[in-house]
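Biologist: I'm new to this one, so could you pick a single part and walk me through it slowly? I'd like a close look rather than a full tour.

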Amino acid sequence: MTNKIPHPAESLILSKVPETVRQRAENIRLVALDVDGVLTDGSLLYNEAGEQLKRFNALDGHGLKMLKQSGIRVALITGRSGPIVTRRAADLGIALVYQDARNKGQLISTVASENGFTLDQIAYIGDDIIDLQAMQKVGLAVSVPHAPIYIQQAAHWVTSVQGGYGAARELADVILAAQGLLGPFLQGSLLVRGLAIQ
């Protein structure tokens, strides 16, 4: 964390999380996210042609863009696969996309080594058993309030909002606030650089 005086919004955000979470968030250089149940509410919708639909939240998208703008990498790691995730990642400019991931614990180690990070520099947010091994390896493990209780208990922190309703944004805000990087967005100095709302 920088030595500058935190923006009031940063102080407000950090007052809502335990000190241990703030300390872990200070070190994060990559945020990895599950998709279904984290970036969506977990619902799987199908139209009459059998095509799958997912609903994403613009707050989450903007939070992930702010992370990227601040030099923090973002990765999507999902056990499912399909063009919807590819499209959403492209919309947000996320290059690290891993679909059909069955062993997320092993994959998160690979992602770390291939991108020059230590595991304690990674935050992972998930909501189900498939996410558990990855959560147990990283520096900041996060879950959402609709996850099974044993997944929540494995997390360092549980967001206050559900997946698909701003949980990823809440995590992004905490990480940015802990590193003193949220204030410039609120003061408008980074908004002029073309950070479009997503």
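**A close look at helix α8 and strand β6**

Modeller: Let's start at a small landmark: just after helix α8, Gly180 takes a positive phi of about 70 degrees. Keep in mind that this is a predicted model.

Step back from Gly180 into the helix itself. Helix α8 covers residues 167-178, twelve residues in total, and it reaches 17 Å from its first C-alpha to its last, close to the 16 Å expected at 1.5 Å a residue. Is α8 enclosed or open to the outside? Twelve of its twelve residues are buried, so α8 is largely enclosed by the rest of the structure. The buried list includes nonpolar names such as Leu171, Val174, Ile175 and Leu176, but also Arg169, Glu170 and Asp173.

Now over to strand β6, residues 122-125, which is another covered piece. In a regular strand, side chains alternate between the two faces of the sheet. In β6, Ile122 and Tyr124 sit on one side, Ala123 and Ile125 sit on the other, and all of them are buried, so both faces are covered.

Who are the neighbours of β6? Strand β1 (residues 30-33) pairs with β6 in the parallel sense over four bridges, and there Val31 has Ala123 as its bridge partner. Strand β7 (residues 140-143) also pairs with β6 in the parallel sense, over three bridges, with Ala141 as the bridge partner of Tyr124. To get from β6 to β7, the chain passes through helix α6 (residues 132-137), and this β-α-β crossover is right-handed.

On the way, in the loop between β6 and α6, you meet Ile129. Is Ile129 buried or exposed? With a relative accessible area of 52%, Ile129 is exposed, since the cut-off for that word is over 50%. Together with Ile149 and Tyr150, Ile129 makes a nonpolar surface patch of about 330 Å².

One last stop, for contrast in chemistry: the structure holds ten salt bridges. One of them joins Glu19 and Arg22, with the closest N and O atoms 2.0 Å apart. Both residues lie in helix α2 (residues 19-26), three residues apart, about one turn of the helix. Glu19 counts as partly exposed at 43% relative accessibility, while Arg22 counts as buried at 15%. Glu26 joins Glu19 and Arg22 in a network of salt bridges.

Methods
Residues are numbered from 1 along each chain as its sequence is written. This is a predicted model: local features need pLDDT of at least 70, side-chain atom pairs count only at pLDDT 80 or more; totals for chains, interfaces and linings use all residues. Side-chain values use heavy atoms; hydrogens and water are left out. Buried means under 20% relative accessible area, exposed over 50%, partly exposed in between (1.4 Å probe, protein chains only). Helices (H or I, at least four residues) and strands (E, at least two) are DSSP runs, numbered from the N terminus. Two strands pair if DSSP finds at least two bridges between them. A crossover is right-handed if, with the strands pointing away from the viewer, the path from the first strand over the helix to the second runs clockwise. The expected span of a helix is 1.5 Å times one less than its number of residues. Patches are made of residues with over 30% relative accessible area and no salt bridge: like charges are joined within 9 Å, nonpolar side chains (Val, Leu, Ile, Met, Phe, Trp, Tyr) within 5 Å. Accessible areas come from the Shrake-Rupley method with a 1.4 Å probe; for residues, only the protein chains shown count as cover. A salt bridge is a side-chain nitrogen of Lys or Arg within 4 Å of a carboxyl oxygen of Asp or Glu.
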